[in-house]
Each structure stands twice: as C-alpha cells, then as structure tokens.
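User: Could you take me through one part of this structure slowly, starting from one facing pair of residues and working outwards? I'm in my first year, so plain words, please.

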Amino acid sequence: MKRINHIYSKIYDFENLYAAYLEVRKAKRYRHDVMRFTANLEENLIELQNELIYKTYKVGRYNEFFVYDPKKRLIMSLPFRDRVVQWAIYRQINPLFDKRYISTSYGCRVGGGAHRAVKKLKEYIRAQPGTAYVLKMDVSKYFYRINHDVLMATLRNMIKDEDLLWLLETIIRSDHNFGIEVDDWDYTGERLSSVGMPIGNLSSQMFANLYLNAADHFAKEVLRCKYYIRYMDDIVIVDTDKKRLREVLRAMDNFLVNRLALKLNNKTCIRTATQGVDFCGYRVWRTHIRLRKKSAIKMKHRLKYLQKQFAQGRISTAKFKNSLMSYMGMLEHCDSYSLKEGLLSSICLQRGGGSKCVKS
C-alpha cells in the first residue's frame, strides 16, 4: 500500500480539533479540567492548533496510578488538552492503519471487540474435523515493552509525511519513562526510556494494535495459519495437528524476539479445546461459551460493593442500574442463564429504612 502523506494539516484543522474535543468530553463534561478547558474553548483550541502548526507542542505531565483488574497495572493519564490532540490524530490516521490489518485482528477496531473475537474462536474450534488444539500466546508486559525504535521504524515504513512523524515521535518518546523490565511484577524497578507505552492513552491503543500487525501477517502469509485470531496482545491459533502448532510456536517466538523485541510469558501453551480455552474474559468450548470463573467472582464482588455504596447514599439508582445492565450485556455473549438468574435474585437496594429491589 502507498505510504501515508499530506495528512498533518488535517490533524490540526480547527474542525478536526473541535470534533476531537467533543469525543474527549463525552460523559466527562462536569469534571474540573474539562470545564476549565471549555470555559475558553476557542482560545484553547487555537492555542493547540498553533502549537501543532509551528511544532512547539510538548506532551503534558502524566498522572500515574495503579489499578487491580485483577492483576496490578500501572495506568498513566494525560491532561485534557493532550487527550484532545491524541483524538485529533486518531480520527485521521487510525482509519488508514485499519486498512492494513487482517480481518481477524479484533482489538480497538470498529466492527471488532472481545465478543466478536470469542465468537470467532468458537467458530474456528467447530471448524476442525477432529480434535481441535489451540495455541494460546500471551506477550509478557506488552504495553510496557513496546520498543520505541521498532515502532518508529514501522511508522516510517507506512508514513511519508515528516510533520506527522515528528508529532508521533514527540508522543512516543516523551520525557516520561514508561518501560519496565519483563520480570518487574511489582513495578518497583527502574523505569526505562527506550521502551513502553502508557496504558490509558488512546494513542497507546492505536500503536499497540499496529505493533503486532507484522506478527499477524507473518502468521497468515508466511506460516500459513488459517485459523488465527488476535485481540491486542492475546493470540490464538487453532489446528488439528499439535506438532504443527509446536513448530508455529517456535517460529512465532523467534519472530517476536528478533523482529519486535518481545517475549512470550508463561501463560503461552497448547491445549485441546475440550479443556476450554481462556480468551478475552471468557472460556470457550466447541459447543458453548462461559464467563471465566475469575470474571464471574469479580462481577459478584463488584455488585455487592455497589449495593453498599447505594445503601450509604454515595451512588444513585440510575448509576447502579447502568453498572448492572453493563454486566448483563456481558452475559448476553455467553451461556450464562444460571449466573444471570443468581445475580439478579441476590440484588436488593436498601436506603433510608426502605427497600427497592431490582428484579429481572
């Protein structure tokens, strides 16, 4: 495909910046930083526009915090104005990146998503005439180990626009250090400047999806893996030949290490589909799909916590119902009748001496 060119001016176009602002503002318009930016909206957007035109833009300071979902993850968030810039970039170049992806790459794509990836895995398992074996690959500390030099080389192969390359490199190689060692499970070691993307950034999702695109094409076009799926850094390959999957694993591991400077973690394995395959929060068999046990337990604990928050007057009925409906939506994508009935029957909201129960 032709290299991307003449796109930078579309990014700093005022209408594009305004559309990006609207995207970032969604469901957050009453936050202090959003209201402050909005109070002088035109002036702030023109200031961003000029910084991009004259290449004086610098990435703001990241705010860091940890989440446990379920494992410990380091999250980094940018000031509102920087997120507007990232959305402005995303709106223009992500559709062009998307054209280069294989059809069974499902992460962060319109028409993709975890649910479609899980359904495709079930379809692939059912397509096997005999025993289905599944090679499941998981990259160790993926976001924190993306190599900046490799990523920039990938972008230069795709993009001719030097102004756009300057902006992307400014974001990728910002003053903040994102990288960690593969075996630094507690995030206590020294931060690395030459690797890593901050989890929480829109640009990180876009770059992370692009980074493994080379591995997708290697698997499909060189190794001829017919039944291949990727959701961000989770890769599954289905085949009836276990020996063949071992050869694929060796070739993919070699490609990831030598071409992308990545390492597979100890979750990587080959197993029969009769055991069920953990993928994107679900467990997949030939005949059915269920929510992973850990996900179900987490859901139950979260709903109990929200009921306590409601009882203490800290959340509204509407907010509780929104969370509940989100979970019910997750369960619509798997065989979960008993789990759904159990969750709904256990819910009863109480506040101020009275009660209000949520029924199915």
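**From one residue pair outwards**

Analyst: Let's start small: Y282 sits opposite L291, a residue of strand β9. Keep in mind that this is a predicted model. Y282 belongs to strand β8, which covers residues 282–284. Strands β8 and β9 run antiparallel, and three bridges join them.

Now zoom out a little. These two strands are part of an open, three-stranded sheet, and if you read across it the order is β7-β8-β9, with antiparallel pairing. The edges are β7 (277–279) and β9 (289–291), each of which has pairing on one side only. Ignoring direction, neighbouring strands in this sheet are turned by 30° against each other on average. Something also packs on this sheet: helix α6, made of residues 114–127, touches β7, β8 and β9. Compare its direction with that of β8 and you get an angle of about 15°.

What else does α6 lie across? The answer is β3, β4 and β5, with the helix running at about 160° to β4. Those three strands take us to another open sheet, this one with four strands in the order β4-β5-β3-β6 and antiparallel pairing. Here the edge strands are β4 (228–231) and β6 (269–272), each with pairing on one side only. The average turn between neighbouring strands is 20° in this sheet, direction ignored. Look at β3 (residues 133–138) next to β5 (residues 234–239): they pair in the antiparallel sense over six bridges. As a facing pair here, try M137, which stands opposite I235 in β5.

While you have the model open, have a look at some other helices too. The second largest pocket holds about 260 Å³ of space. Helices α8 (148–158), α10 (202–211), α11 (213–222) and α12 (242–260) each give two or more residues to its lining. Of these, α8 gives the largest share, five residues. Sorted by type, the lining has seven nonpolar, three polar and two charged residues. Among the lining residues are R100, N157, Y211 and R259.

Finally, there are 11 aromatic pairs in the structure. One of them is F218 with F255, a stacked pair with 4.5 Å centre to centre and 15° between the planes. F218 is in helix α11 and F255 is in helix α12, so this pair links distant parts of the chain, 37 residues apart.

Methods: Residues are numbered from 1 along each chain as its sequence is written. This is a predicted model: local features need pLDDT of at least 70, side-chain atom pairs count only at pLDDT 80 or more; totals for chains, interfaces and linings use all residues. Side-chain values use heavy atoms; hydrogens and water are left out. Two strands pair if DSSP finds at least two bridges between them. Axes are lines fitted to C-alpha atoms, for helices over the stretch in contact, and angles run from 0 to 180 degrees between N-to-C directions. Contact means heavy atoms within 4.5 Å. On a 1 Å grid over the protein atoms alone, a cavity is a set of points where a 1.4 Å probe fits but cannot get out, and a pocket is an open set with protein on both sides within 12 Å along at least five of seven lines; lining residues have an atom within 4 Å of a point. Grid points are joined across faces, edges and corners, and a volume is the space filled by probe spheres set on the points. Ala, Val, Leu, Ile, Met, Phe, Trp, Tyr, Cys and Pro count as nonpolar, Asp, Glu, Lys and Arg as charged, and the others, Gly among them, as polar. Rings of Phe, Tyr and Trp (its six-membered ring) pair if their centres lie within 6.5 Å; planes under 30 degrees apart count as stacked, over 60 as edge-to-face and the rest as tilted.
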